[in-house]
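Trainee: I would like to take a close look at one part of this model and follow it from there. Could you walk me through it slowly?

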Amino acid sequence: MIAKRIQPMAFQARRLYVELMFQVMGRALQAVSEVDATVQKDASALPEGFLFEMMVMPQGSSLIVEHVGNGRFHYHGNSAPRPVDLSIQFKHIAHAFLVLSFQEKTSVAFANDRMLVDGDISYAIRMTRVLNRLESFILPKLVAKRAVKEYPTDLHLPEKLMSAARIYLKVASNFVETVRA
Amino acid sequence: MSNKYYEFFCPVKVIAGKAALEHMPYELSGMAATRPMIVTDKGVRAAGLLDPVIAACEESGLEIVSIYDDVPPDSSTAVVRDIAGVYRSEKCDSIIAVGGGSAIDTAKAVNILVSEGGDDIAAYAGAGVLKRPLKPFFVVPTTAGTGSEVTAVAVIADTEKHVKLPFTSSFLLPNAAIIDPRMTLTLPPHITAATAMDAMTHATEAFTCMAKNPLSDAYATAAIKKISNSLLAVMDNPKDADNRLELAEASTMAGIAFSNSMVGLVHALGHATGAICQLPHGLCMSLYLPYVLEYNIESIREPLGELLLYLDGPEVYAATPASRRAEASISAIRRMRDALYKHCKLPRTLKETGKVVEEQLERIAEVALDDGAIMFNPKEVTLEDAKAVLRRAWA
Ligand SMILES: [Fe+2]
């Protein structure tokens, strides 16, 4: 609690950023699964109704998506309709921030024991691939290179620009819908 | 500020060397254990390997209360339940696993049931489910390869639901690993070779994959040096107890290294090949190791080059220009594989195994891409990349 008195604003901002980033990624996951064949191919191997969660320990922010079939994801916000099948858990908000602000690659974060996997490892591998793909879509190339182990070579600029635009658009409109509802 | 971060953990007491087994009664009494149960398999018993274990205990007045010697090569939840039943009815208070990967994994799972209660081992599957220490548990490895005596993982097949249940917890680690040269003296040549190459792969991948760290590096390099110095000597003279002990120690050290820094693509391909073509794990490791190192080379030039010192010794290392050491390390591993092929026909290519058909490569690549080990490979692997490595490993 002492630390909190020293830097209350910084902690607050980090928490907000992680929360916001989870929301953006959740919506983007849904959006990208509707337009990108590579993500669909990886996701379609997941069982239908499969619930995936990313969360911050102990009971912090979370992101929940469901595989609704044919490689499509549905974003559930931060509450799951039933127990999740796969959970990737950051040990501390600071580690979530490192990854979600693209200072530490997802695979490096795994290697550094920043997070735990609860569930089938092979599904975790698939979801990591989907997240890598997503990151390279929604981030400028320079930042994406830092976030994923290797930047996909089949992601040419026009495709990237167009898809990214489509995703941003979808994310934005989804936000608006939430606000209205 | 450095971006580096790592964790390293190994609380297993290592009891190694001449007359190591005779230390077991003292270690058990130190944990107030008086009624141990042995968990092993038929092969171990038939090879007479239980005799020195039992003799060592009985000579000290410690009675082995029960022996379960029917652990199958692929253990299941039903076997775990059976053994836990015997443990309870015989009122045992500790477990001694004697054997290879399967016996050790089974004993780890049995320890969960007899410590936590219940009959349904599946309830404890996953990571971090266990919250407190289990019963006193000792491991006597009889192969020098898997390193299971120092890993915090067990995998048990649920034969009814057709899934493999993973258990991960530091509480699965045994209290002590007893490494006695008598236990590996009678290991047949092809198993000696394959399991030693498994250990070699553990150390090499630990040293070159993403989670490498200074502590696991120290164990990995020491293990590689021991295997390079001792494996061919043991192949020439299987009764060489000193070099047998070196291999057994190397296996444990490589186990400590990889359980802290993980493995990579060699294991991903090996797990897939094992599952699809029923090939032994160590054989797959030996087979894929050089091809994967070649695939990874530009990402691991520096650490791989450093390994030349431990693979080929200081003279060769000093005489090789720094820019060529990575390639020289791969050549050293290839030479070792050629020697093992001469000794016991340990296959160097998929074709040489005689158990893989070319049409299976696609499926192997697909399954490998879903394997947990691929996460820590230093270079990203796509389906095409995996297939390309497999094609090179074909013949
Ligand atoms: Fe292995």
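Trainee: How many residues of chain B are in contact with chain A, and how many residues of chain A do they meet?

Mentor: Happy to, and please keep in mind throughout that this is a predicted model. On the chain B side, 19 residues are in contact with chain A, and they meet 20 residues there. Between them the two chains bury about 1700 Å², with 53% of that area on carbon and sulfur atoms. Three residues are good places to begin looking: D370(B), M375(B) and E380(B) supply 38% of the area that chain B buries against chain A, more than any other three residues.

Let us stay with D370(B) for a moment. D370(B) forms a salt bridge with R126(A), and the closest N and O atoms of the pair are 2.8 Å apart. Side chains of opposite charge can pair when their charged atoms come close. The count of salt bridges between chain B and chain A is three. The count of residue pairs in polar contact between these chains, with both residues at pLDDT 80 or more, is also three. If you sort the residues on the side of chain B that touches chain A, you get ten nonpolar, four polar and five charged.

Now look inside chain B, where there is another interface to study. The domain assignment gives domain 1 (13–182) and domain 2 (188–394) of chain B. Taken over C-alpha atoms, the centres of these two domains are separated by 28 Å. Their contact takes 13 residues from domain 1 of chain B and 16 residues from domain 2 of chain B. Together the two domains of chain B bury about 1100 Å², and 70% of that is on carbon and sulfur atoms. Zero salt bridges are found across this domain interface, while four residue pairs are in polar contact there, both residues at pLDDT 80 or more. On the side of domain 1 of chain B that touches domain 2 of chain B, the residues divide into six nonpolar, six polar and one charged.

Next, let us trace a sheet in chain B. Three strands make up an open sheet in the order β5-β8-β7 (chain B), and the pairing is mixed. Strands β5 (126–127) and β7 (153–158) of chain B stand at the edges with a single partner strand each, so one side of each has no neighbour in the sheet. Strands of a sheet pair through backbone hydrogen bonds, either parallel or antiparallel.

You can find both senses here. β5(B) runs parallel to β8 (residues 163–168) of chain B, and two bridges join them. Follow those bridges on your screen: G126(B) has F167(B) as its bridge partner in β8(B), and A127(B) has T168(B). On the other side, β7(B) and β8(B) pair in the antiparallel sense over six bridges. A157(B), for instance, has K164(B) as its bridge partner in β8(B). β7(B) and β8(B) also form a hairpin with four residues between them, and H162(B) in the turn has a positive phi of about 55 degrees.

That turn leads us to some backbone details. Most residues other than glycine have a negative phi, and most peptide bonds are trans. A32(B) is another residue with a positive phi, near 60 degrees, and A32(B) is not glycine. You will find A32(B) in the loop between α1 (24–30) and β2 (36–39) of chain B. Over in chain A, a cis peptide bond joins M57(A) and P58(A), with omega about 0 degrees. P58(A) lies in the loop between β1 (50–56) and β2 (62–69) of chain A.

Finally, let us come back to charged pairs. Over all chains, the structure holds 28 salt bridges. In one of them the side chains of K42(B) and D70(B) meet, at 3.5 Å from N to O. This pair links distant parts of the chain, 28 residues apart: K42(B) is in helix α2 (residues 42–46) of chain B, and D70(B) is in the loop between β3 (66–68) and α4 (77–89) of chain B.

Note on methods: Residues numbered from 1 in each chain as written. Chains lettered and ligands numbered in written order. Heavy atoms only, no water. Contact = heavy atoms within 4.5 Å. Buried area = accessible area lost by both parts, 1.4 Å probe. Salt bridge = Lys/Arg side-chain N within 4 Å of Asp/Glu carboxyl O. Polar contact = N/O pair within 3.5 Å; in protein donor to acceptor, adjacent residues only side chain to side chain. Nonpolar A, V, L, I, M, F, W, Y, C, P; charged D, E, K, R; others polar. Domains from an automatic or database assignment. Pairing = 2+ DSSP bridges.
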